[in-house]
Every structure is written in C-alpha cells, then in structure tokens.
Amino acid sequence: MPSPLAHSISGYVICRVWKTKNHLRSSPLRMNYWLVYAVFISNAPDIDFIIQLFLDEKIHRGFTHSITATLIVSLFAGLVGVIFWKSRWKVLLLLTFIIYSFHLILDALTAGGAGMQLLWPLSEDYYRFPFSLFPPVHHSRGLFDWSHLIFLIYESVYSLLLLWGLKRWQFSQKQVQKNIIK
C-alpha cells in the first residue's frame, strides 16, 4: 500500500491541477488551506489503520476503502460547503470525491494483500487491480526491514514523476496563456 507520502503527493497534485484550471480562485493563503485539505482527504481512508491499533481485528482496507465511504465523505464535504461557502459546495464535493477515489485507486494498484472492500456494505468481497504499480509491503517483518527500501524507491520515483509532470503541465499552461495574450 502506498504510504502517506504517495497519497499526499497525489492529493497535492490533484489540488494544484484543479486550482490551475481556475476552479479555486483565491489568494495564496487560501490556496494553502485547499492544499492542506487535499492532503488530509488523500490520507483519510487510512483512518481505519489508526482505529485498527485499538481493536483486536484487522479492518484496514475495509469500509473506509469503499465507494460508499467515498460518497459519504464527499457528500459531507458538500454539506459543509453549502453551510460555509454557498457558491463553492459543488467544487468541494467534486474535489473531495476525486481525491478520496484516487486513494482507493493507488491502494488497488499495490501488489500483495487481499485488496479492498470496494462494494461494502453490499459485498464483503475484496477487490484490486490484476496488475500493480507498487510492490507489496511486508508489515510482519517490522518497520526497519531492508525489503521496505524497494517499496520506498518505487514510491519515491512515483512521487517525483508526479511532481515533475505537474511542473511540466504548469509550464505548458503558462505558455498557452502567453500565446493567448499575444
């Protein structure tokens, strides 16, 4: 499973692209709030990992990694948007849905493990993609096992490529704007 690093970078990039597409017109300070929100939502499904620490049963990649949870969290964000930002509630709802969903996609692209309960509560079956982007993580080997280095390399390359792609995309957007002004 991707660590908070890959999830956070993914949420950050999605939010930056969203902002660049002029959906989030705001001052730099307000943009920082959006970015913090994006990083929070991109890691929100893993709250079950923290809950699991206090329980005797394994619940990670269970109900919080479902389409139902994605919809509930997104609708709650939309409701908060209606209360505080009447004109921005759709933006908040859609951004939350996209970022939360992307967390599930990244987890489904990890080798090893049973997958996720994507259709909970309709089904307790576990699902994942038949191919993987990230190698498996062996939690049973402890935190400082050398095999985690392979995973960290994959995740670092993924994160750097995503950030590089964002910079290239932003550069191309600036070139388009310059050509429009001319």
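Is F63 buried, partly exposed or exposed, and what is its relative accessible area? In this predicted model, F63 is partly exposed, with a relative accessible area of 34%, where buried denotes under 20% relative accessible area, exposed over 50%, and partly exposed the range in between (1.4 Å probe, protein chains only). Because the model is predicted, local features were accepted only at pLDDT of at least 70 and side-chain atom pairs only at pLDDT 80 or more, whereas totals for chains, interfaces and linings use all residues. Residues are numbered from 1 along each chain as its sequence is written, and side-chain values use heavy atoms, with hydrogens and water left out.

A search of the whole structure returned 4 aromatic pairs, a pair being two rings of Phe, Tyr or Trp (its six-membered ring) with centres within 6.5 Å, classed as stacked when the planes are under 30 degrees apart, edge-to-face when over 60 and tilted otherwise. F63 and W120 form a tilted pair, with 5.7 Å from centre to centre and 50° between the planes. Since F63 lies in the loop between α3 (47-54) and α4, and W120 in the loop between α5 and α6 (148-181), the pair ties together parts that are 57 residues apart in sequence. W120 is partly exposed as well, with a relative accessible area of 29%. The rings of F129 and F131 are stacked, because their centres are 5.5 Å apart and their planes stand at 20°; F129 is partly exposed at 34%, while F131, at 51% relative accessibility, counts as exposed. One aromatic cluster is formed by F134, F151 and Y158.

The largest nonpolar core, defined as a set of buried Ala, Val, Leu, Ile, Met, Phe, Trp, Tyr and Cys residues joined through side-chain atoms within 4.5 Å, has 16 residues, and those with the most contacts inside it are C15, M31, W34, L95, I99 and Y100. Two or more residues are given to this core by each of α1 (4-20), α2 (28-43), α4 and α5, the helices being DSSP runs (H or I, at least four residues) numbered from the N terminus. A second, separate core of 5 residues includes L106, F134, F151 and Y158.

At the surface, I67, L71, L75, L94, F97, I98, L119, L122 and Y127 make a nonpolar patch of about 800 Å². Patch residues have over 30% relative accessible area and no salt bridge, with nonpolar side chains (Val, Leu, Ile, Met, Phe, Trp, Tyr) joined within 5 Å and like charges within 9 Å; a salt bridge is a side-chain nitrogen of Lys or Arg within 4 Å of a carboxyl oxygen of Asp or Glu. The elements that give two or more residues to the patch are α4 (67-84) and α5 (89-108). I67, which lies in helix α4, is partly exposed, with a relative accessible area of 41%.

Terms used: Areas by Shrake-Rupley, 256 points an atom, 1.4 Å probe, with all protein chains shown as cover.
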